[in-house]
Amino acid sequence: MLYQTQLFGAISVEETKVVTLPQGMPGFEEFKRYTIIAADPESPLFWLQSLDDPGLAFITLNPFVIVEKYRPALSAEDRADLDLEGEGELLYLVIVTLKENYLESTANLRAPLVINAKNLRGRQVILDDPAFSLRHNIWQNLPVAGEESENRRHTIRIAQLSAAQAF
Amino acid sequence: MLILTRKPRESITIGENVKITILEIKGNSVRVGIEAPPTLAVHREEVFRLIREQNIGASRHGVVMPERLQNLWQEWKKRNEES
């Protein structure tokens, strides 16, 4: 199906690439349908384009490339909203605020977007841990030590969900 | 705003599915129990407000942002290669 977008013009999105957020997101509760658009084939940065509002799009990031040991804890409410059975396969994206000076850009680690890869339901999960900043400067710990191949696998998994490429 | 006065162990119901119970008062803190459907989001107001503001701020970018995103990605790759 064809959707109009402000940033990318008309894009074609299969139903299998539509991510649905039953609760929307705080501040955007009425917009529930999104699609992921890869910005670059290798990049851990992705656009999250609203399919309900052509002008609404977020920049998101695979969080594992900027923090080590990021393991968001999901509550029973989170799991119910995602219709999650057992462990399932979960994908994580954090929302980036891109600043005029892009070196000041931050990611919201306190409220990641969690996607159930099986049914493409998503939820912006609000974490209790104050150690996760709402405004984590994304240049802080580059490069991140840890499993680079695992990070890349997560990026690839997210890219597989993407409807279109924007590069 | 509807204002009610409750004592510990007393409750307030909202609609058919939400019940708030005052559990305990200690000093200037109140411990509150909330029964609500699992899919209804319940949060401390100030956290929810902060998330809301972050989301709204993050959504505000002009049409030049895709270029800036590319700049960010290029810069990032460069720094990763340098280390």
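Is B:Arg49 buried, partly exposed or exposed, and what is its relative accessible area? The exercises below use a predicted model, and this question is solved within the first of them.

**Exercise 1. Describe the salt bridge of B:Arg49 and the surroundings of its two residues.**

Solution.
- Step 1. Begin with accessibility. B:Arg49 has a relative accessible area of 36%. Buried means under 20% and exposed over 50%, so B:Arg49 is partly exposed.
- Step 2. Find the partner. The side chain of B:Arg49 meets that of B:Glu45 in a salt bridge, 3.0 Å from N to O.
- Step 3. Place both residues. They belong to helix H1 of chain B, residues 45-59, and stand four residues apart, a separation of about one helical turn.
- Step 4. Apply the general rule. An α-helix has 3.6 residues a turn, so residues three or four places apart point the same way.

**Exercise 2. Examine a further salt bridge in chain B, that of B:Lys26 and B:Glu24.**

Solution.
- Step 1. Take the distance. The closest N and O atoms of B:Lys26 and B:Glu24 are 3.8 Å apart. The cut-off for a salt bridge is 4 Å, and the pair counts as one.
- Step 2. Classify each residue. B:Lys26 is exposed at 60% relative accessibility, whereas B:Glu24 is partly exposed at 30%.

**Exercise 3. Work out which side of helix H2 of chain A faces inward and what that side packs against.**

Solution.
- Step 1. Check the helix itself. H2 of chain A runs over residues 148-160, which is 13 residues. From first C-alpha to last, H2 reaches 18 Å, close to the 18 Å expected at 1.5 Å a residue.
- Step 2. List the buried residues of H2: A:Asn151, A:His154, A:Thr155 and A:Ile158.
- Step 3. Look down the axis. The buried residues of H2(A) fall within an arc of 100°, so they line one face of the helix.
- Step 4. Turn to the face directed away from the buried side. A:Arg152 and A:Arg153 are the exposed residues there.
- Step 5. Identify the packing partners. The buried residues of H2(A) pack against three strands of chain A: S4 (33-38), S5 (45-50) and S7 (90-97).

**Exercise 4. Which residue forms a salt bridge with A:Arg157, and what parts of chain A does the pair tie together?**

Solution.
- Step 1. The partner is A:Glu89, with N and O 2.8 Å apart.
- Step 2. A:Arg157 lies in helix H2 of chain A and A:Glu89 in the loop between H1 and S7, so the pair ties together parts 68 residues apart in sequence.
- Step 3. A:Arg157 is partly exposed at 26% relative accessibility, and A:Glu89 is partly exposed at 29%.

**Exercise 5. Trace the network of salt bridges that includes A:Asp78.**

Solution.
- Step 1. The network links A:Asp78, A:Asp81 and A:Arg123.
- Step 2. A:Asp78 lies in helix H1 of chain A and counts as buried at 5% relative accessibility.
- Step 3. Leaving out residues up to four places away in sequence, A:Asp78 touches A:Ala73, A:Arg123 and A:Val125. A:Arg123 is therefore both a contact of A:Asp78 and a member of its network.

**Exercise 6. How many aromatic pairs does the structure hold, and what do two of them link?**

Solution.
- Step 1. There are six aromatic pairs over all chains.
- Step 2. One of them joins A:Phe8 and A:Trp47 edge-to-face, at 5.7 Å centre to centre and 75° between the planes. A:Phe8 is in the loop between strands S1 (2-5) and S2 (9-12) and A:Trp47 is in S5, so the pair ties together parts of chain A that are 39 residues apart. A:Trp47 is buried at 1% relative accessibility.
- Step 3. A:Phe64 and A:Tyr92 also pair edge-to-face, at 5.8 Å and 90°. A:Phe64 is in the loop between strand S6 (57-61) and helix H1 (76-82), and A:Tyr92 is in S7, 28 residues apart.
- Step 4. A:Phe64 is buried at 13% relative accessible area, as is A:Tyr92 at 12%. Ring pairs link both with A:Tyr70 and A:Phe132 into a cluster.

**Exercise 7. Characterise the contact between chain A and chain B.**

Solution.
- Step 1. Chain A gives 45 residues and chain B gives 33.
- Step 2. The area buried between the chains is about 3,500 Å², with 68% from carbon and sulfur atoms.
- Step 3. A:Leu98, A:Tyr102 and A:Ile126 supply 16% of the area that chain A buries against chain B, more than any other three residues.
- Step 4. The count between the chains is one salt bridge. B:Arg44 and A:Asp128 meet through their side chains in a salt bridge at 3.5 Å, N to O.

Note on methods:
Residues are numbered from 1 along each chain as its sequence is written. Chains are lettered from A and ligands numbered from 1 in the order in which they are written. This is a predicted model: local features need pLDDT of at least 70, side-chain atom pairs count only at pLDDT 80 or more; totals for chains, interfaces and linings use all residues. Side-chain values use heavy atoms; hydrogens and water are left out. Helices (H or I, at least four residues) and strands (E, at least two) are DSSP runs, numbered from the N terminus. The expected span of a helix is 1.5 Å times one less than its number of residues. Buried means under 20% relative accessible area, exposed over 50%, partly exposed in between (1.4 Å probe, protein chains only). The arc is that of the directions from the helix axis to the C-beta atoms. Contact means heavy atoms within 4.5 Å. Rings of Phe, Tyr and Trp (its six-membered ring) pair if their centres lie within 6.5 Å; planes under 30 degrees apart count as stacked, over 60 as edge-to-face and the rest as tilted. Buried area is the accessible area (1.4 Å probe) that two parts lose on being put together, summed over both.
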